[in-house]
Amino acid sequence: MASKETKGEAVAGVEANKKVKSSLRETLEALGIALILALFIRTFVVQAFKIPSGSMIPTLQIGDHILVNKLAYGLRIPLVGKYLLEFKTPQRGDVIVFIFPEDRSKDFIKRVIGIGGDVVEIRDKKVYINDRLVDDPHAHFEESGRVVGPMHVRDNYGPTKVPEDRIFVMGDNRDRSHDSRFWGFVESSDVIGKAMVIYWSWDGTDRWVRWERIGDLIY
């Protein structure tokens with residue numbers, strides 16, 4: 001009788017070990033699938049970014065955390081740096097994230113001002129597209145004066161024609177933005193996606209969480 005009980009306990013132990021291994025395998029498989037999905041979503045669908053500077057004030061504040069729609073303009077292959085499928089092209093007024101032309105290790109966020117074929121000109125801080133003054137409700141100015149010398153393009157630029165497959169971008173905070181006025185155009189293939197929504201915002205030097213900004217859509 002003791003021998004049978006011992007055998008029964010051994011069988012039960014083996015079955016328990018099998019269940020533990022099976023449960024562990026299922027957990028690892030679930031984690032693996034979740035990781036693959038997360039990487040897929042981040043690479044091709046949505047990516048989170050943090051705003052580190054004030055170049056897009058007041059639309060975006062330092063400390064805003066945003067989600068960017070990477071499928072807004074098509075399916076982009078990051079390693080290749082080209083669009084496999086194109087749904088549409090960036091339009092004037094879109095807030096986009098793109099690879100900074102002068103340092104491809106950095107991503108910038110700006111607003112599209114001119115697209116391929118447009119003639120862009122800035123006269124005394126006012127934007128003209130194809131010789132027409134444009135409605136520019138997002139523009140924000142911190143200085144009333146005009147600059148001269150090498151920085152004069154901040155307030156007076158062009159006229160310059162935007163090449164095809166290129167984009168002219170500017171920050172909403174026009175007096176504090178390093179943008180196409182200074183370093184040129186963005187290649188359409190370098191556009192990572194379109195800014196969608198602020199999902200978190202905080203300022204550790206002021207009042208911490210900016211609850212009123214969370215959930216704001218980005219226009």
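In the predicted model, strand β8 (residues 126–129) is joined to β9 by two bridges, and the two strands run antiparallel. Within this pair, I129 lies opposite R132 of β9. Both strands belong to an open sheet of four strands, in which the order is β9-β8-β7-β10 and the pairing is antiparallel. The edges of this sheet are taken by β9 (132–133) and β10 (157–161); each has a single partner strand, so one side of each is left without a neighbour in the sheet.

The protein chain as a whole comprises two helices and 14 strands. It has 219 residues, of which 37% count as buried. Among contacts in the chain with a separation of 6 or more, 58% are made by residues 24 or more positions apart. The accessible surface amounts to about 13,000 Å², and carbon and sulfur atoms account for 60% of that area.

Further antiparallel pairing involves strand β6 (residues 107–115). Eight of the nine residues of β6 are buried, so this strand is largely enclosed by the rest of the structure. Strand β5 (residues 95–99) pairs with β6 in the antiparallel sense over five bridges, and I96 is placed opposite K110 of β6. β6 also pairs with β11, again in the antiparallel sense, over four bridges. Here G114 stands opposite F168 in β11.

Strands β3 (residues 74–77) and β4 (residues 82–86) form an antiparallel pair with four bridges. G74 has E86 of β4 as its bridge partner. The hairpin of β3 and β4 has four residues between the strands, and G81 adopts a positive phi near 75° in this hairpin.

Y73 is located in the loop between β2 (64–69) and β3. Its relative accessible area is 2%, and Y73 is therefore buried, the cut-off for this class being under 20%. Apart from neighbours within four places in sequence, the contacts of Y73 include Y83, L85 and E86, and E86 is also the bridge partner of G74. Other residues in contact with Y73 include F87, K88, T89, P90, D94 and I96; of these, I96 stands opposite K110 in β6. Contacts of Y73 further along the chain include V191, G193 and K194. The C-alpha atoms of Y73 and S188 are separated by 9.7 Å, although these residues are 115 positions apart along the chain.

Two buried arginines, R174 and R181, are in contact with each other. R174 is situated in the loop between β11 (166–170) and α2 (180–183), whereas R181 is part of helix α2. The relative accessibility of R174 is 1%, so this residue counts as buried; R181 also counts as buried, at 4%. The side chain of R181 reaches the backbone oxygen of R174 at 2.8 Å. In addition, the side chain of R181 makes a polar contact of 2.8 Å with the side chain of D179.

With neighbours within four places in sequence left aside, R174 is in contact with I113, V127, D136, A139, H140, F141, R154 and R181. Under the same exclusion, R181 contacts I122, V153, R154, Y157, F168, M170 and R174. R154 is thus in contact with R174 and with R181. F168, a contact of R181, is the β11 residue that stands opposite G114. R174 and S55 are 119 residues apart in sequence, with a C-alpha to C-alpha distance of 7.4 Å.

On the surface, Y199, W200, W202, W208 and W211 make up a nonpolar patch, with a combined accessible area of about 600 Å². Strand β13 (residues 191–203) makes the greatest contribution to the patch, with three residues. W208 is part of strand β14 (residues 208–209). The relative accessible area of W208 is 53%, so W208 is exposed, the threshold for this class being over 50%.

Notes
Residues are numbered from 1 along each chain as its sequence is written. This is a predicted model: local features need pLDDT of at least 70, side-chain atom pairs count only at pLDDT 80 or more; totals for chains, interfaces and linings use all residues. Side-chain values use heavy atoms; hydrogens and water are left out. Buried means under 20% relative accessible area, exposed over 50%, partly exposed in between (1.4 Å probe, protein chains only). Contact means heavy atoms within 4.5 Å. Accessible areas come from the Shrake-Rupley method with a 1.4 Å probe; for residues, only the protein chains shown count as cover. Patches are made of residues with over 30% relative accessible area and no salt bridge: like charges are joined within 9 Å, nonpolar side chains (Val, Leu, Ile, Met, Phe, Trp, Tyr) within 5 Å. A salt bridge is a side-chain nitrogen of Lys or Arg within 4 Å of a carboxyl oxygen of Asp or Glu. Two strands pair if DSSP finds at least two bridges between them. A polar contact is a pair of N or O atoms within 3.5 Å; within protein, one must be able to donate a hydrogen and the other to accept it, and residues adjacent in sequence count only if both atoms are side-chain atoms.
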